[in-house]
Amino acid sequence: MEAFGFSKTAEISFKDVKPNDWFYEEVRKAKAEDLIRGYEDGTLRPNNPITREEAAAIVARLLKLQPVEEDYLANYKDKNEISNWSKDAINSLVAKGLLAGYQDNTLGPKRFITRAETVVILSRALDFNTTAVVYDKPGTYGPESGIMTVTKNVEVKVPDVVLRNMVIKGDLLIAKEVGDGNVTLQNVTVEGKTLVNGGGEHSIYLENCSLAQVIVNKEDGKVRIVVKGDTKVDTVNVQSGAKIEGQNASKGIGKVVIEGNIPADAGIVLAGNFDEVEVKVAKVPVKVEEGMVNRINIAQGADEAKIELGEKAEVKVVEVNSKATISGKGYIETAVVKADGVTIEQKPFNLEIAENVTANIGGEEVKGSKTKESSTEGTSGGGGYTTPSTPPQPGSSSTGLFDEGYPAVVEIGENYAKVLFKNPRIDGQIYSVARLSTESKPTVDEIIQKPYFVNILQKGRNELVVFDNLQPGTEYNFYFVVTDEQRNVKSDIITLTAKTKASLLNELRFGTIGSNYVEIIVEKPTFDGRIYSMAKLPNEQAPTLSELINDQRGYNIVHKGENEGVTLHNLQSNTDYNLYFVATDTNGNPISDIVKLTAKTAPIGFESNLSTTTVGLYTNFYVRAFNTTQNSYNNVKITFRIYPNNNLGFSFTKDDISLQYDNNGTWQDIPVSEAVYGMVHGTFGPIQGFTVASGYNEITNFRVKVNKANTYFIYVDFTSYDDNNPYGEIIGSYYLPVRVEPVKFEIYGIDNFTAGNEKGFTLIVKTNNVSEDIDTQLKATFTVYDAVYQSVYPLANQAVRYMVGNNINNWIYDTTDKEGSIYIFKDGIKMTQFNEGMRIYFSTTFFIPGIYNLRFAFVDKDGNEIGTFSGASFEVKGKLQKVGEIIEFPNAKVIVKSITYNNTYNNFIADSGKTFAILTMDVWVSQQPQDRLEWYSNDFIKSFVLENGQNLIGNNFSSGNPSILPNQWTTVTVAIQIRETDKVIFVTVKDPINFDNVAVVDVGQ
């Protein structure tokens, strides 16, 4: 060990090394130099042979070799046999020529090392170690002028050494023997690595130096490296605690990599300008005291890293790839978050969060989406960040002094505003004044002589001006004047305008505190916008701003100067709650901070099974009231209030509701009265009052019928009266929303009808919680629209079949009456049977093209309609053919040959102003009709359709009324009088055998 200059010893505790062993002292020296570490069972096994890879690890530690990036092991056959823990050491020894392989191109890492191999490798190590230039006495080394080149490695082994004017071709080692002393490099270039294993808190000084790579690994982590002048350092690898400080260095440090096994309590401090800082170590605390960092990258695997930014620190981009915390008052221009669990205490100016990643930004939970978070007026998407006011336009007073778009308001609260001046071009001062927007603009002299604040401006360093003690919800103008260091004015007056957030707390007061709700009154708000609210139990985490605004329960709209009630529902009785509120503008952008109130709900609890009911029909329900407290309440009276949702815009009176309770098996009416705002109210229970003792648990059965569809809000109040409180104390108030809906009719398949083809459709009927056993029938009414007279007529004698449910053997056949109606369930059916929904299938054939309507209604035994469905309109289309095409009927064929127009036809003269439309057809039938078939308009021609949409029926003339004989073609000519200006575009033709089948021919005339 003496050959390597090792004399320091350390205490050892190896189980198998005794003080009387001949090698005891040498083991202590090796331990002091960290050359040996022993096994996991606490032994050293000194008498065991060691492998080549174990020996390589010891020699690498002996020479303090750093890992080599290039792979020197790739060409060895047994490279995969090398243990991971020794791979870096063997690679370094091979790279330095200290370890060689065998003739068969193997390294033999698992072989036991021989005495000869040991001698060779130690000899090489000794030669390697002694090739260094060692400075082991304090002093200044290097010429006063000119440059001295050192081709070997250089080692500094004592404090108070100054190296100057040198180019070191090898590595520079500031050894741990330097202790806590100082070492100074002046105008030194190190082409290899600079290894800092020693030095104290009073510094390794680098003045006007050029260093490729600095590796800091001080055992106690207390070393300070100061970069000054024109020093340029490409990379600093920090492997222990350290402080890296740049003192006005013009070039500074390129990249800082924090890596290795750094203890969680080690301190790493950075001060100055850095191009990039990469954190690769978990849980390590890093503080950026001041200066500019272009990029901080928290790498994957660096979980729970802690970055603190001092007030004078600025980071352009921070990218977070692991769970980490960033704190402090420093400025972050852009934060890119790519991992969950990230907390950034300050609000970055720009924020990008990866899709589906959640982070806490400025105290608010923010979730990333597909689109980039970017600034918009008032807030960035999802984060709620205040963004800059409108940037100065070209030619404004700030042009050229700062980056484009600055100064800008970057953050605003209820009583403060922050304005950022980015990348100033001069040194000097910023004089600032804040005034109400209604006040007059100050002059330059007024701003300089009576400033709100004076900020020192440094070239290239961002400056933040903070205005405090502002009034909430108030618009301000912020005025600035920029001067140089001699107070020469360098700008006109710069003006920015912003409005502070509203102070919501002063506008909130409690309304009714119920059993399952709490009502808050927003009293004369000073803004137009929204109120978002949320209730949480005391042991639950407070919501973030994004949680509050994105809560599915929605918001209340408020109008300036108009009181608004905000009610928080679905609460538990006799329970403490924290209530949270935030105000936004009309677009949902926050204009206040989150306000917290506390409340305890009323002690009496309730439950009910009422939620929906059907218009005009009774629904049974119950209300249970219970007292789980130890208190007893006397002289309790019950009142109720019912409010309609007036958004539907109708009046609601006491005649629209019937409320009854079960009085020993008999339904007894509960009187109701009318009040303002469409509310009805009443009392229930003993007039003299009753006692609600501890353990009270009563169920009352009710039924209700409402004649108008809407949503209604029912409040049941228990109020206790005594002599000391004649107005009473609400001990329970139950909020019960109820939807009153019409009978639900859903119809499917009521489309794509073609004349002459049978088609089905389906009706689903459902009621809501009907408890009234009313006998009823379901009426279906068909009507058709007559385009000629623009009137609707009932479709009488229409054959319809239907079945209830899915049993295809239960088809029922029926025909519409003169009103176009059929009655389903002719024997009557109970309305309660529709509570679960009922499906009815229909099938019919429409023979006439046109517009039809189908209407459904329930009717009682007296013919009164209970629930109606206004119906569905649908079109029945004809079978459109072209002139000359064969129309295929089941037992017949028809060809429309032509249509012509003339004033005379077969000795008939058209009436004045009219002409004949003459239609020629060929007709073929396969069988003789039962009656002698002659041509009349109502036989074969259903209608002529004119260009104006008019249907003409009747008054036709046939050519000799020919008989239609089977199995041969017969030519038929038909004429009809029309106005001279009319043209026929369609003709509807009937089946000569079965007149129910029709086709439409486009005659194209």
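Trainee: In which strand is the place of V792?

Mentor: Good place to start, and keep in mind that we are looking at a predicted model. The strand to find covers residues 791-794. V792 has its place there, in β54.

Trainee: Is V792 buried or exposed?

Mentor: Let's reason from the number: the relative accessible area of V792 is 55%. A residue counts as exposed when that value is over 50%. So V792 is exposed.

Trainee: Which residues form a nonpolar patch on the surface with V792?

Mentor: The patch has about 270 Å² of accessible area, taking its members together. V792 is one of them. The partners you want are Y785 and I851.

Trainee: Let's move to E177. Where does E177 lie, and which residues is E177 in contact with, leaving aside neighbours within four places in sequence?

Mentor: E177 lies in the loop between β6 (172-174) and β7 (183-196). Its relative accessible area is 42%, so E177 is partly exposed. Once neighbours within four places in sequence are left aside, E177 is in contact with K157 and P159.

Trainee: What distance separates the C-alpha atoms of E177 and G199?

Mentor: Along the chain, E177 and G199 are 22 residues apart. In space, their C-alpha atoms are separated by 8.6 Å.

Trainee: How many residues of helix α2 are buried?

Mentor: Helix α2 takes in residues 52-62, which makes eleven residues, and the helix is mostly covered. Among the buried ones are R52, E53, V59 and L62. The count of buried residues in α2 is eight.

Trainee: Which residue with a positive phi follows α2?

Mentor: Look just past the helix for a phi near 55 degrees. The residue with that value is K64.

Trainee: Now a sheet: what is the strand order in the open sheet that holds β31?

Mentor: This open sheet has three strands, with antiparallel pairing. The edge strands, each pairing on one side only, are β31 (508-513) and β35 (564-568). On average, neighbouring strands are turned by 30 degrees against each other, direction ignored. The order is β31-β32-β35.

Trainee: Which residue of β35 does V522 stand opposite?

Mentor: Strand β32 covers residues 518-522 and runs antiparallel to β35, joined to β35 by five bridges. Opposite V522 in β35 stands E564.

Trainee: Last one: how many strands does the protein have?

Mentor: Let's step back to the whole protein, with its 1005 residues, of which 48% count as buried. There are seven helices. The number of strands is 72.

Methods: Residues are numbered from 1 along each chain as its sequence is written. This is a predicted model: local features need pLDDT of at least 70, side-chain atom pairs count only at pLDDT 80 or more; totals for chains, interfaces and linings use all residues. Side-chain values use heavy atoms; hydrogens and water are left out. Buried means under 20% relative accessible area, exposed over 50%, partly exposed in between (1.4 Å probe, protein chains only). Helices (H or I, at least four residues) and strands (E, at least two) are DSSP runs, numbered from the N terminus. Patches are made of residues with over 30% relative accessible area and no salt bridge: like charges are joined within 9 Å, nonpolar side chains (Val, Leu, Ile, Met, Phe, Trp, Tyr) within 5 Å. Accessible areas come from the Shrake-Rupley method with a 1.4 Å probe; for residues, only the protein chains shown count as cover. A salt bridge is a side-chain nitrogen of Lys or Arg within 4 Å of a carboxyl oxygen of Asp or Glu. Contact means heavy atoms within 4.5 Å. Two strands pair if DSSP finds at least two bridges between them. Axes are lines fitted to C-alpha atoms, for helices over the stretch in contact, and angles run from 0 to 180 degrees between N-to-C directions.
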